[in-house]
Amino acid sequence: MPNPAGPNPADRKRAAQGRITQTRRRAAPQGRPRGARGGARRLIAWSVAGVLVALAGTGGAVYYRLNGNLRSFDPDAIAPDRPPEPSADAHGHRPVNLLLIGSDSRAGRNGDLGGGDEGGARSDTTILLHVHADHRHAVGVSIPRDALVTIPRCKLPNGTWTREQPGQMFNSAFSVGNSEAGNPACTQNTVEKLTGIRVDHTIEVNFAGFAAMTGAVGGVDVCLPNAVHEGNINPNLGRKGKVVLAKGRQRVSGQQALDYVRLRHGIGDDSDVGRMKRQQAFLASLLARIKSKGLNPGTLLPLADAATRSMTVDPGLDSPAKLVDFALTLKDIDLHEVKFLTTPWRYSGARIDLVHPAVDTLWRTLQADRTIDGQDATGRQPDATAAPSPPAPAPPTPSPPVPPGPTPGADGAPIRVTVHNGTGTPGLAARAAETLRAARVTVAATATARGTARAATTTVEYGAGQRTNAQRVAALFPGAAVAPGRGAGISLRLGLDYAAVAAPAAAAPAGAPGAAVGGGVAGAAALPAEVVSGARSADDDICSNVSYG
């Protein structure tokens, strides 16, 4: 029964401690006791199970997190003069543009992971992911952080707006306001002004969130052309130091994964361009890792739990239900149809200029919802019940059928080919590279052959033990010869016979009918061949295209 004299001192102490504990839980959700977090996860797991039952007919798998685990930026910070939304077709299909920002704020635990103590926040990585309206193709475009662009008017933390600033480094948009949280809305405004493309959603993840995500999926497979030392990670160290990342294939998570995607020195020409290539390779490998583990609560819930604790999103993704809806739009995309590339660029002293009109063509390609090889992906596809179109005429010399999936070599590993243009016709190596990628053959590099006269016949040269693989490659190029070569791998040397067939489409000027590399819609502007050939598919070999210079 109640004590008429009031609670005793011990009771008052326990009550006070209880109030303090509850206050701390509300103020710092990340510090919840293990038992409370476990209870929340069990609740979420049961909730997801119910959603999965309801969605079983669609084949979808979703993950769900608490509202309190998400942060969104001020909707009033989004510029009012935005590009228009793309119109939907008769079936309601429209593309989706997602802006991915990796920030390097040194606040909190991020300082330990980032290896520095500078204040404020910067964007370490920015990728515009365009999901085509057919929801079966996607392309992620890396925007160089040092690219010189115009930063539009942006809202500051005190509520005022800045003036437009031309000739600024792209990543300075995220630093507008000089706050530890960064300014993802300003980066979104800058991307929309730069591209003329409306950004539907923005997701920013900091160091801690990124490191936790890699651990949640059990690590991500990566590859390096040479070993990386402590001095490469931190050039101010003053010594080479021990090996941090080994040469070759390996699985990384946490700090090692962060070191991989932030690594700039010790590989290639030490440029940010090479780093972007590794970031693209890492994201591709992460997607493959998630898909291999299965789209189920056991995979997605730990990933969501790790990501959302260090994630800031636009107001359109600020609830679990909105995240679920968005996730379901991505479930049917095959890894081979996810492409990564970098904006056309060139050095401008210590900075980078975007190359015109090539970069303008890239933005128009996405605005028109065409794939980078010029195919229509607007979703306006023929009705499945309609009569099929007559088949196209067979080529004069049909190639043997190529088996589905990544083309395995004699030893079961993917076939890797270096493509050399042995003619005087530009663009052929890029065109041949697309043919190889379509057959799931990994393109190690493309180049112009040197030191020889123009080759008359296309030839596939091979090293020891690669003859069978070379024959499979030659089958993709009717009339190609197969011969032993000096190198250890496989090299495709394009000859005048290939130029006679491929040159008209490869050499057509941008905007001319039929100019799209690899075919496509008549009248579509073609991306430069070097842009297309430099693209990475999400199922490419992780050891290819990971450095520059």
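A residue counts as buried when its relative accessible area is under 20%. Keep that cut-off in mind as you explore this predicted model.

**Stop one: a buried threonine**

Select threonine 423 in the loop between strand 16 (416-421) and helix 12 (428-438). Is threonine 423 buried or exposed? Its relative accessible area is 9%, so threonine 423 is buried. Now show side chains: that of threonine 423 makes a polar contact with the side chain of asparagine 421, at 2.8 Å.

**Stop two: the open sheet**

Next, switch to a cartoon view and look for an open sheet of 8 strands. Following the order 1-12-7-2-3-4-13-21, you will meet mixed pairing. At the edges are strand 1 (71-72) and strand 21 (536-537), each of which pairs on one side only.

Select residues 123-131 and 138-142, which are strand 3 and strand 4. These two strands pair in the antiparallel sense, over 5 bridges. To see one matched position, pick histidine 130, whose bridge partner in strand 4 is valine 139. Then add helix 11 (residues 358-367), which packs on the sheet and touches strand 3, strand 4 and strand 13 (338-342). The direction of helix 11 makes about 150° with that of strand 4.

**Stop three: the nonpolar cores**

Now for the largest nonpolar core, with 43 residues. Select Ile203, Phe210, Leu224, Leu245, Tyr260, Phe282 and Met311, the members that touch the most others. Helix 8 (residues 272-293) contributes the most to this core, with 5 residues. Apart from this core lies another, of 34 residues, including Leu99, Leu128, Val149 and Val531.

**Stop four: three aromatic rings**

The structure holds 5 aromatic pairs. Start with phenylalanine 210 and phenylalanine 282, a tilted pair at 5.3 Å centre to centre, with 45° between the planes. Why does this pair tie together parts 72 residues apart in sequence? Phenylalanine 210 lies in helix 5 (residues 207-216) and phenylalanine 282 in helix 8, so the pair joins those parts. Both are buried: phenylalanine 210 has 17% relative accessibility, and phenylalanine 282 has 1%.

Add tyrosine 260 to your selection. Its ring centre is 6.1 Å from that of phenylalanine 282 and the planes are at 35°, so this pair is tilted. It links tyrosine 260 in helix 7 (residues 254-262) with phenylalanine 282 in helix 8, 22 residues apart. At 0% relative accessibility, tyrosine 260 is buried. Among the residues that tyrosine 260 touches are Val222, Cys223, Arg278 and Val546.

Finish with Phe210, Tyr260 and Phe282 shown together: they form one aromatic cluster.

Conventions
Residues are numbered from 1 along each chain as its sequence is written. This is a predicted model: local features need pLDDT of at least 70, side-chain atom pairs count only at pLDDT 80 or more; totals for chains, interfaces and linings use all residues. Side-chain values use heavy atoms; hydrogens and water are left out. Helices (H or I, at least four residues) and strands (E, at least two) are DSSP runs, numbered from the N terminus. Buried means under 20% relative accessible area, exposed over 50%, partly exposed in between (1.4 Å probe, protein chains only). A polar contact is a pair of N or O atoms within 3.5 Å; within protein, one must be able to donate a hydrogen and the other to accept it, and residues adjacent in sequence count only if both atoms are side-chain atoms. Two strands pair if DSSP finds at least two bridges between them. Contact means heavy atoms within 4.5 Å. Axes are lines fitted to C-alpha atoms, for helices over the stretch in contact, and angles run from 0 to 180 degrees between N-to-C directions. A nonpolar core is a set of buried Ala, Val, Leu, Ile, Met, Phe, Trp, Tyr and Cys residues joined through side-chain atoms within 4.5 Å. Rings of Phe, Tyr and Trp (its six-membered ring) pair if their centres lie within 6.5 Å; planes under 30 degrees apart count as stacked, over 60 as edge-to-face and the rest as tilted. Lists of a residue's contacts leave out its neighbours within four places in sequence.
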